[in-house]
Amino acid sequence: MTDDFYRSVGGIREPDPTLGKSVQPEPAPEPVLPEPEPPPRVRRQRVVLAEPSRSAGSLRARVELEQQTSWGELLIKDLIKVQLRSGVALALLVVVVLGALPAAFFVWPAFTDLRFVGIPLPWLLLGVAPFPLLFGVGLWYNRLAERHERDFVDMIEN
């Protein structure tokens, strides 16, 4: 800046207004983009949420079950019998496995002296092992029961 400039403003030098402030560049003008073409119109498609029509045999089986006729009762009894059979079989499995532990301790007394990580093995087998066993057998029974019910429904619908 020259002295002529300072004389024209009254001889007083004014501070720079940008001192102590961060200098921000002026924003660049946004480029002008051509307008995008509108998307092509898509023809609507009808969505049907109903199941296909059922066969007459399926309808008859459902009516038999709802009206509790002798044939419908026979179907239900067969389902209950299969469920009961699988439940009793798994219960017998649990009784045999858990009942064999005290019998093993009685037959082999040296078995009671075994230790696992410093804990007596009978305590682990009788106090800890039954819980995962019962959980696993319960899960197994649940899957069997669901399979039997699915088979029953498939038999009714087909």
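**Exercise 1. Look at residues 123-141 in this predicted model. How much of the stretch is helix, and how far apart are its end C-alpha atoms?**

Start with the secondary structure: over residues 123-141 the chain is 89% helix and 0% strand. Next, take the two ends, whose C-alpha atoms sit 27 Å apart. Now bring in the record: an unreviewed UniProt entry lists residues 123-141 under "transmembrane region", along with 87-111. Try that other stretch too. Residues 87-111 come out at 84% helix and 0% strand, with 32 Å between the end C-alpha atoms.

**Exercise 2. Step back to the whole chain. How many helices and strands are there, and in what pattern do they come?**

Count the elements and you get five helices and two strands. Then walk along the sequence, and the pattern reads α-α-α-β-β-α-α. Now check how the chain is covered: of its 158 residues, 15% are buried. The chain exposes about 14400 Å², and carbon and sulfur atoms supply 63% of that area. Finally, look at contacts with a separation of 6 or more: residues 24 or more positions apart account for 63% of them.

**Exercise 3. Examine helix H5. What is its span from first C-alpha to last, and which of its residues are buried?**

Helix H5 covers residues 130-157, which makes 28 residues. From its first C-alpha to its last it reaches 40 Å, close to the 40 Å expected at 1.5 Å a residue. Now pick out its buried residues: Pro130, Val137, Leu144, Ala145, His148, Phe152 and Ile156. Here's a handy rule to keep in mind while you look at them: an α-helix has 3.6 residues a turn, so residues three or four places apart point the same way.

**Exercise 4. Find Gln83. Is this residue buried or exposed, and what is it in contact with?**

First locate Gln83: it's in helix H3. Its relative accessible area is 13%, and buried means under 20%, so Gln83 counts as buried. Then list its contacts, leaving aside neighbours within four places in sequence: Tyr141, Ala145, His148 and Glu149.

Now follow one of those partners, Tyr141, which is found in helix H5. Tyr141 is partly exposed, at 32% relative accessible area. Not counting residues up to four places away, Tyr141 touches Gln83, Ser86, Gly87 and Leu90. Take Gly87 from that list: 54 residues separate it from Tyr141 along the chain, yet their C-alpha atoms are 6.6 Å apart.

**Exercise 5. Stay with helix H3 and look at Leu92. Which residues form a nonpolar patch with it?**

Place Leu92 first: it lies in helix H3, residues 70-107. Leu84 and Val88 join Leu92 in a nonpolar patch on the surface. Together the three have about 290 Å² of accessible area.

**Exercise 6. Turn to Val117. Where is this residue found, and what is its phi?**

Go to the loop between strand E1 (115-116) and strand E2 (119-120), and there's Val117. Its phi is positive, about 55°, although Val117 is not a glycine. To see what's unusual here, recall that most residues other than glycine have a negative phi. Last step: Val117 counts as exposed because its relative accessibility is 72%.

Conventions:
Residues are numbered from 1 along each chain as its sequence is written. This is a predicted model: local features need pLDDT of at least 70, side-chain atom pairs count only at pLDDT 80 or more; totals for chains, interfaces and linings use all residues. Side-chain values use heavy atoms; hydrogens and water are left out. UniProt positions are given in the numbering used here, feature names are shortened, and annotations may be inferred rather than shown by experiment. Helices (H or I, at least four residues) and strands (E, at least two) are DSSP runs, numbered from the N terminus. Patches are made of residues with over 30% relative accessible area and no salt bridge: like charges are joined within 9 Å, nonpolar side chains (Val, Leu, Ile, Met, Phe, Trp, Tyr) within 5 Å. Accessible areas come from the Shrake-Rupley method with a 1.4 Å probe; for residues, only the protein chains shown count as cover. A salt bridge is a side-chain nitrogen of Lys or Arg within 4 Å of a carboxyl oxygen of Asp or Glu. Buried means under 20% relative accessible area, exposed over 50%, partly exposed in between (1.4 Å probe, protein chains only). Contact means heavy atoms within 4.5 Å. The expected span of a helix is 1.5 Å times one less than its number of residues.
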